Amino acid sequence: MSGRQSLRQGQFLGQSLPCAVLEARSVKSRTRQIKLCAQAAKAGGKYDYDLLIIGCGVGGHGAALHAVESGLKVAVVEGHDIGGTCVNRGCVPSKALLAASGRVRDMKNTMHLKSMGIQVDNVRYDRQPIADHANNLAASIQGNLKRSLEAIGVDILIGQAKLTGPNTVKYSLPGRVDVGGTVTAGDIMIATGSVPFVPPGIPIDGKTVFTSDHALKLEWVPDWVAIIGSGYIGLEFSDVYTALGSEVTFIEAVDNLMPGFDKEIARLAQRVLINPRKIDWHTGVLASKVTPGVPGVKPVEIELTDFKTKEVVDKLEVDACLVATGRAPYTQGLNLASVGAEVDRRGFVPVNERMQVLDTKGKVVPHLYCIGDANGKYMLAHAASAQGISAVENICERPHVLNHASVPAACFTHPEVSFVGMTEEAAREAAEKAGYGDKVSISKTSFKANSKALAEGEGDGMAKMIYRRDTGEILGVHIFGLHAADLIHEASNAISMGSSIGDIKFNVHAHPTLSEVLDELFKQAHVEGIPDIALQSKVKPEKGVKREAVAA
Ligand SMILES: Cc1cc2nc3c(=O)[nH]c(=O)nc-3n(C[C@H](O)[C@H](O)[C@H](O)COP(=O)(O)OP(=O)(O)OC[C@H]3O[C@@H](n4cnc5c(N)ncnc54)[C@H](O)[C@@H]3O)c2cc1C
Ligand SMILES: NC(=O)c1ccc[n+]([C@@H]2O[C@H](COP(=O)([O-])OP(=O)(O)OC[C@H]3O[C@@H](n4cnc5c(N)ncnc54)[C@H](O)[C@@H]3O)[C@@H](O)[C@H]2O)c1
């Protein structure tokens with residue numbers, strides 16, 4: 001296999017390591033890499049592997065690539081499917097459905113198209129090919145991930161793994177006597193991920209009452225679907241379903257929709273993503289009892305209970321019900337007790353900031369790490385992978401702590417929502433506690449003032465930054481609008497690099513681009529001791545001077 005081929009096959013979550021890793025396996029650079037990780041690679045002969053990773057989702061995969069690059073001998077044990085949730089039942093198929101349904105939405109938006117002089121008649125879609133697009137993409141990326149591991153010499157062991165003591169893991173597959181065994185490793189990393197959390201009283205039949213695992217297969221498009229939970233999964237599926245013609249009813253326990261987001265951004269997002277669409281909602285209620293139906297014959301019945309009074313307040317009859325009420329760590333059966341540890345009351349594996357597992361007394365369990373959804377620090381694919389890389393750094397005695405405040409998040413609705421750092425509410429609360437409450441400032445910019453967004457006919461949107469006006473520290477950035485998921489990285493990189501607003505407000509952005517939304521956001525901030533910049537949108541140009549010249 002050529003380096004180019006392996007690079008193409010291995011690209012995932014920003015890592016294009018296999019090519020680099022193959023190069024690293026040339027004698028010279030491999031020697032250098034092993035030296036880098038000399039402390040960790042001390043297993044030499046004592047154990048089967050330097051590092052054994054339990055679970056090969058995106059977290060385990062990212063860790064394996066980085067560990068090999070660091071010169072470690074690595075194996076993964078995977079109990080179900082390489083790529084885990086993200087590739088098979090999460091990010092990948094959901095984004096494929098969002099891409100296809102998003103096109104349908106765009107092409108059905110005749111008013112929008114007409115405003116740009118385009119006429120499209122009679123837009124239709126076929127459900128099965130859309131479903132196939134998602135399933136095929138997942139299968140293809142799963143294959144790429146597997147090949148990328150094989151190409152760099154990672155052993156893939158098949159089976160459900162459990163710890164049997166320090167440095168030792170046993171794995172087996174129910175019903176398969178030919179699979180399984182016991183392996184030892186200098187370090188072990190738990191990366192077992194999560195599964196849908198289903199509240200009590202909700203039986204899942206997989207047809208009329210289902211989780212994202214089933215919904216992603218798009219076996220049917222119900223006329224009316226209730227979605228329990230208005231978090232990431234609920235919002236993204238409301239986008240898919242309404243684009244494909246369904247009516248949606250949200251059932252949300254908290255008093256407002258999208259409770260996990262900055263309140264102001266959530267309000268704006270609601271005005272664009274929810275109010276104009278065929279969506280209604282019940283907030284402050286729990287779906288306390290759900291009775292599955294029969295498609296086309298008997299509706300699904302949902303009993304709603306007031307979250308505060310616990311009284312039954314309503315009953316709904318819908319065609320289908322998607323349960324999107326969060327995810328639970330998949331950590332049962334790991335036998336943590338064999339190393340003196342146990343999961344917390346929600347099932348997460350307790351870790352310190354270096355991803356080292358803590359025992360029941362809060363002490364580090366030597367040579368045991370846990371990353372990704374299983375530790376509950378930040379249940380996102382790129383966070384899992386970043387934690388895996390961070391853990392490998394620590395295994396290699398290159399101390400590393402991932403700054404979770406710099407990890408961005410995005411919801412891939414049309415338009416998208418993204419953020420990094422704290423919401424305004426959380427930032428103000430933290431600032432009050434820390435004694436700098438009077439120093440918190442906000443800057444905001446609108447997509448309506450951005451030429452590129454207007455050229456696209458996509459002026460709905462805003463960006464908002466929460467910062468300290470005494471130090472210029474960025475506390476949080478939130479974006480709602482076209483390509484928000486791509487735009488957020490300028491802010492997350494700034495936070496990660498410890499850049500203050502003073503460091504970045506004089507940077508130059510190409511015109512006309514959506515990136516100017518963030519450029520303006522930084523320029524609008526008033527930081528003590530840093531000169532304000534006259535903004536295009538605010539400053540009246542002198543006679544004969546072009547606006548661009550004023551901004552420059
Ligand atoms: C519908 C949906 C959409 C999502 N979209 C996004 C998105 O757009 N962006 C984003 O960042 N995140 C998204 N996520 C979240 C993302 O999928 C997870 O955060 C990510 O997959 C976590 O990675 P992980 O490696 O920790 O665990 P997982 O991906 O869950 O992988 C864990 C693996 O471990 C295996 N395993 C478990 N126990 C054992 C055992 N005992 N022995 C051996 N193997 C075991 C499992 O079979 C699994 O393959 C989405 C999630 C869902 C459900
Ligand atoms: N684009 C992305 O990055 C993306 C997309 C999908 C999923 N994910 C990941 O998957 C995880 C799970 O997503 P999710 O949307 O299921 O969880 P979530 O935590 O984002 O939202 C769950 C929502 O359900 C509500 N809820 C919980 N129990 C309820 C009940 N009984 N009745 C009514 N409402 C209830 C909560 O108040 C909350 O608003 C997320 O935390 C995220 O990490 C990420």
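## A tour around ligand 1

Select methionine 379 and ligand 1: a polar backbone atom of the methionine sits 3.4 Å from an oxygen atom of the ligand. Keep in mind that this is a predicted model.

Next, pick serine 194. One of its polar backbone atoms is 3.5 Å from an oxygen atom of ligand 1. Then go to glycine 59. Here a backbone N or O atom lies 2.9 Å from a ligand 1 oxygen atom.

How much of ligand 1's accessible area does the protein cover? On its own the ligand has 1000 Å², and the protein covers 94% of that.

Now show the elements that each give two or more residues to the shell around ligand 1:

- helix 4 (58-69)
- strand 2 (74-78)
- helix 5 (84-89)
- helix 6 (91-108)
- strand 4 (160-165)
- helix 12 (381-395)

Colour helix 5 separately. It supplies the largest share of the shell, 4 residues.

Expand to the whole shell. Ligand 1 has 38 residues around it. Label the closest: Glu78, Thr85, Lys95, Ala161 and Asp373. Then colour the shell by class. Expect 15 nonpolar, 17 polar and 6 charged residues.

Leave the ligand and select residues 407-520. An unreviewed UniProt entry annotates this span as "domain: Pyridine nucleotide-disulphide oxidoreductase dimerisation". Switch to cartoon: the span is 33% helix and 27% strand. Finish with a distance between the end C-alpha atoms of residues 407-520, which lie 22 Å apart.

Conventions. Residues are numbered from 1 along each chain as its sequence is written. Chains are lettered from A and ligands numbered from 1 in the order in which they are written. This is a predicted model: local features need pLDDT of at least 70, side-chain atom pairs count only at pLDDT 80 or more; totals for chains, interfaces and linings use all residues. Side-chain values use heavy atoms; hydrogens and water are left out. A residue is near a molecule or strand if one of its heavy atoms lies within 4 Å of it. A polar contact is a pair of N or O atoms within 3.5 Å; within protein, one must be able to donate a hydrogen and the other to accept it, and residues adjacent in sequence count only if both atoms are side-chain atoms. Accessible areas come from the Shrake-Rupley method with a 1.4 Å probe; for residues, only the protein chains shown count as cover. Ala, Val, Leu, Ile, Met, Phe, Trp, Tyr, Cys and Pro count as nonpolar, Asp, Glu, Lys and Arg as charged, and the others, Gly among them, as polar. UniProt positions are given in the numbering used here, feature names are shortened, and annotations may be inferred rather than shown by experiment.
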